[in-house]
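Reader: I'd like to learn how to read burial, helix packing and odd backbone angles off a model. Can you walk me through one?

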Amino acid sequence: MKIYISADIEGVCGSTHWDECDNEKPDWTEFKKQMTAEVAAACKGAMAAGAKEIVVQDAHGTGRNITAKELPDGVKLIRGWSGHPNAMVQELDNTFDALMFVGYHSRAGSSGNPLAHTMRGSYVDYLKINEHYASEFLLHGLLAATMNVPVAFLAGDDELCKHVKNINKNITTVAVKEGIGDSTLNLHPKAAIEKIWQGAESALKSDLSKCILPKYDKYEVELRFKKHQQAYDASFYPGCKLIEPQTITFQTKDYFEVMRMMKFAV
Ligand SMILES: [Zn+2]
């Protein structure tokens, strides 16, 4: 079994403030350790379920948060950003048996996490894909579906876990925290690690064929920006239409074009 794990930091146990996610701030050190420990737990769970090959993408900020030597032997780690439009799942392809998300967070425009955002936080007010308000989980999960790769598991905040179940109830989720206004209510960090280990193992022992996200004939994207200037600028990307001062739409039959648009318009 070959597994891809995409990891972020705003959905790990404890992280509550942007200083804790910023590699230039001292508060970050504790949460990069928690991110590493949660990813290591997901790897160990996956290996217990029979994974022979695991690729992890460090998909937060600089892409240089996870301490590689803390991951189990044999795990491969993607650090930094290649510039590929597939963004947080850059080397994913149809040779993988499952995709897992660790440290993922609620979307822009939701109240599930003080750090809620979708891709570039200073730009995206909300993103909608075919009537679903889209989180980073949905954006990348729909891409995985076009490669027939199921989403087996997600760990993150409670509201995101509910969103995941709403999209596909067969995906295993572990909520490590709940956002309340500008605060978070967290599991003990060790309990979060334990639950992720067990959740990842049981997820990969389940029927993964039921965990593929929907594929659509056509993708209709609505993207509202924080500022009208950003929407005007993005409206010149081929296929984008400015429908309101802060909002563009984009339509395509090929989901990769959604990823490409996000790379250049956001
Ligand atoms: Zn992040």
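Author: Sure, and let's begin with burial: a residue is buried if 20 or more other C-beta atoms lie within 10 Å of its own, exposed if 12 or fewer, and partly exposed in between. Keep in mind that this is a predicted model.

Reader: Okay, then how does D125 count, and why?

Author: D125 counts as partly exposed, because it has 17 C-beta neighbours inside 10 Å. This residue lies in strand β5, residues 124-129.

Reader: Which residues does D125 touch, once those up to four places away in sequence are not counted?

Author: Two residues are in contact if their C-beta atoms, placed from the backbone, lie within 7 Å. For D125 that gives A108, G109, R224, F225, K226 and Q246. You can also look at a C-alpha distance: D125 and T247 are 122 residues apart in sequence and 9.3 Å apart in space.

Reader: Let's try a residue in a helix. Is E159 buried or exposed, and why?

Author: E159 is buried, because 21 other C-beta atoms are within 10 Å. You'll find E159 in helix α3, which spans residues 158-167. Not counting residues up to four places away in sequence, E159 touches S106, S110, G112, N113 and G179. As for L138, it is 21 residues from E159 along the chain, and their C-alpha atoms are separated by 13 Å.

Reader: Which other residues of α3 are buried, and what do they pack against?

Author: Besides E159, the buried residues of α3 are D158, L160, C161, H163 and V164. They pack against β4 (98-104), α2, β7 and β8 (172-180).

Reader: And what about a residue in a loop, such as M88?

Author: The counting works there too. M88 sits in the loop between β3 (76-78) and β4, and it counts as buried because it has 22 C-beta neighbours inside 10 Å. Leaving aside neighbours within four places in sequence, M88 is in contact with S6, Q57, A59, E136 and H140. Its C-alpha atom is 25 Å from that of K205, with the two positions 117 residues apart in sequence.

Reader: E136 and H140 are on that list. How many residues of α2 are buried?

Author: In α2, 10 of the 11 residues are buried, so the helix is mostly covered by the cut-off of 20 or more. The buried ones are E136, F137, L138, L139, H140, G141, L142, L143, A144 and A145.

Reader: Which residues of α6 are buried, and where do they fall around the helix axis?

Author: To read that, list the buried residues, then look down the axis. In α6 (residues 255-265), the buried residues are Y255, V258, M261, M262 and A265. Seen down the axis, these fall within an arc of 105°, so they line one face of α6. The face turned away from that buried side carries the exposed residues F256 and F264.

Reader: What covers the buried residues of α6?

Author: The cover includes β5, α2 (136-146), β10 (219-225), α5 (228-234) and β12 (247-252).

Reader: Now two helices together. At roughly what angle do α1 and α4 cross?

Author: Here you compare the two axes. Those of α1 (residues 28-48) and α4 (residues 189-204) come within 7 Å and cross at roughly 30°. Angles under 35 degrees count as roughly parallel, so α1 is roughly parallel to α4. The crossing of α1 past α4 is right-handed.

Reader: Which residues make the contact, and of what class are they?

Author: From α1 there are Q34, A37, E38, A41, A42, K44, G45, A46 and A48. On the α4 side you have P189, A192, I193, I196, W197, Q198, G199, A200, E201 and L204. By class, the contact has 12 nonpolar, four polar and three charged residues.

Reader: Last topic, the backbone. Which residue has a positive phi of about 45°, and where is it?

Author: That's N130, which is not a glycine. N130 is in the loop between β5 and β6 (132-133), and it counts as partly exposed because it has 14 C-beta neighbours inside 10 Å.

Reader: And what is the phi of N148?

Author: N148 has a positive phi of about 60°, although it isn't a glycine either. N148 follows α2, in the loop between α2 and β7 (151-157). This residue is exposed, because it has 11 other C-beta atoms within 10 Å.

Note on methods: Residues numbered from 1 in each chain as written. Predicted model: local features only at pLDDT ≥ 70, side-chain atom pairs only at ≥ 80, totals over all residues. Helix = DSSP H or I, 4+ residues; strand = E, 2+ residues; numbered from the N terminus. Arc of directions from axis to C-beta. Axes fitted to C-alpha atoms, helices over the stretch in contact; angles between N-to-C directions. Parallel < 35°, antiparallel > 145°, perpendicular 65-115°, else oblique. Left-handed = near helix turned anticlockwise from the far one by under 90°. Nonpolar A, V, L, I, M, F, W, Y, C, P; charged D, E, K, R; others polar.
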